[in-house]
Amino acid sequence: MKVPFSPPHIDDKIIAEVVATLRSGWITTGPRTKLFEQKLAEYCGIQHVICVNSASAGLELALRWFGIGPGDEVIVPAYTYTASAEVVVHCGAKLVLVDVNDNLLIDPEQVRKAVTPRTKAIIPVDIVGLPCDYQQLYDIVNDATIKQQFQPANDIQRNLGRILVLSDAAHSLGAYYRGRHTGSVADISVFSFHAVKNLTTAEGGAICLNLPEPFLSEQIHKELKTLSLHGQSKDAFTKTKAGSWRYDVQTIGYKCNMTDVAAAMGLVELERYDEEILPVRKHIFDTYNQAFADDPRFRLPIYETEELQSSYHVFTLRVNGISEEQRDTIIMKMAENEVAANVHFIPLPMLTAYKELGFDIQEFPNAYRNYACEISLPVYHTLTDEMVAEVIHTLKKAVTEVLSL
Ligand SMILES: Cc1ncc(COP(=O)(O)O)c(C=O)c1O
């Protein structure tokens, strides 16, 4: 039985909405994007969301809005996808990588050690859908000594008066941290709707605003919306209204707006996300969990605790005591049986570009230890119980073979 890793969830309902959008005469940012922003804000329990064309663009826009630039430092976990870190480099700031804990989440103690007077932001990553320990991170940024050494360089930074917590929530739409949906926990959170994510718009992202007083969410929404579309005072939809042609460019902006074609997909998926999408993913997680729980060869990922509920994005199984090479062989053997597995993620210090920035994986032992024995198992809407059983069987067989070599 062939089991792909993560095909996008596209059904007739989505196709019909995309076709309706194409026929509507308005395909780029317009009414559907606006509605999607409102629905996402409602879903997360916040006032304002800005939709963009990727999470990468959303993270970078947030950093640039905050005024991150040369001389600043931004702390990012070593165990993540390159998108979480590259945005810091794009802004010309110094990337500071820190190690993760055994849940693959940024380790607050390492963050505390890495903070300097130049630290302007932390980008915790809700890896594979599990929210980070935001309370501990906020304890750090609100620590009196750390606040005192914070050096604001503009009015926005002065108003916040501390390090910004910018959550990379690319994986965690629908997850909960202490009873609150992600998107409403950090100062700013950014979701991804890339093709492999729980909810996809083919490409897309959303910036969720949750800044404390004196920030006005409505005003920041307007600023970021403008910044995402060339800094132009009116979007194309508004400009096409008769007599409304004149516009101004208020800031030198960027081009990363979401299209209505993308928003149409997002609207359909969000409407049924809690009732239809998440329960299927949870069922798959539970099935994997039960299948591996009594087998001492495996270490299971945490995905539900009293404080946390995952978005069930990717099931990150660890195989105890195996080497990186053995892990690769297991995945290869599974592939020979047409079952796709994956690794989330290769820690950044192991990748050429980050080595060239001076990072060395030896300084991130926990990231490496977890990466070396990690195997990501498929989780998606159309993955049937038979396919899940096939994944479990194929994996256990491959592990037995590799361990007996
Ligand atoms: C942890 C993480 N952050 C950010 C991104 C970037 O998302 P996007 O492709 O929407 O830019 C990804 C993409 O896979 C990711 O895995």
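Me: What covers the buried residues of α12, and what makes a residue count as buried?

Reply: The cover of the buried residues of α12 includes β12 (315-319), α14 (365-372), β13 (374-377) and α15 (385-403). A residue is called buried if 20 or more other C-beta atoms lie within 10 Å of its own, exposed if 12 or fewer do, and partly exposed in between, with C-beta atoms placed from the backbone. In α12 the residues that are buried are R327, I330 and M334. This is a predicted model, in which local features need pLDDT of at least 70 and side-chain atom pairs count only at pLDDT 80 or more, while totals for chains, interfaces and linings use all residues. Residues are numbered from 1 along each chain as its sequence is written.

Me: How do you know on which side of α12 the buried residues lie?

Reply: R327, I330 and M334 are the buried residues, and they cover an arc of only 55° around the axis, which puts them on the same side of α12; the arc is that of the directions from the helix axis to the C-beta atoms. An α-helix has 3.6 residues a turn, so residues three or four places apart point the same way. On the other side of α12, E325, M332 and E336 are exposed.

Me: Why is α12 called a helix, and how does its reach compare with the expected span?

Reply: Helices are DSSP runs of H or I with at least four residues, strands are runs of E with at least two, and both are numbered from the N terminus. Helix α12 takes in residues 324-336, which is 13 residues, and it therefore meets the minimum of at least four. From its first C-alpha to its last it reaches 19 Å, close to the 18 Å expected at 1.5 Å a residue, where the expected span is 1.5 Å times one less than the number of residues. After α12 comes E338, with a positive phi near 65°.

Me: What makes α3 enclosed or open with respect to the rest of the structure?

Reply: Ten of the twelve residues of α3 are buried, so this helix is largely enclosed by the rest of the structure. Its buried residues include L59, E60, L61 and F66. Helix α3 (residues 55-66) reaches 17 Å, close to the 16 Å expected for it, and is followed by G67, whose phi is positive, near 90°.

Me: Why is F36 classed as it is, buried or exposed, and which residues does it touch?

Reply: F36, in helix α2 (residues 31-44), has 26 other C-beta atoms within 10 Å and is therefore buried. Leaving aside residues up to four places away in sequence, F36 touches C51, A263, G266 and L267, contact being defined by C-beta atoms, placed from the backbone, that lie within 7 Å.

Me: How do you know whether V128 and H230 are buried or partly exposed?

Reply: V128 has 24 C-beta neighbours inside 10 Å and so counts as buried, whereas H230 has 18 other C-beta atoms within 10 Å and is therefore partly exposed. V128 is in the loop between β4 (119-122) and α6 (134-141), and its phi is positive, about 45°, although it is not a glycine. H230 is in the loop between α9 and α10 (236-239); it is not a glycine either, yet it has a positive phi of about 65°.

Me: Why is the protein chain called as compact as a globular protein of its length?

Reply: The protein chain comes to 15 helices and 13 strands. Its radius of gyration is 22 Å, close to the 22 Å that the globule rule gives for 405 residues, so it is as compact as a globular protein of that length. The radius is taken over C-alpha atoms, and the rule is 2.2 Å times the number of residues to the power 0.38. Buried residues make up 49% of the 405 residues.

Me: Where do the two domains lie in the chain, and how many residues of each are in contact?

Reply: The domain assignment, whose bounds come from an automatic or database source, gives domain 1 (12-264) and domain 2 (272-403). Their C-alpha centres lie 27 Å apart, and 28 residues of domain 1 are in contact with 30 residues of domain 2. The elements that give two or more residues to the side of domain 1 that touches domain 2 are α4 (82-90), β3 (94-98) and β6 (176-177).

Note on methods. Contact = placed C-beta atoms within 7 Å.
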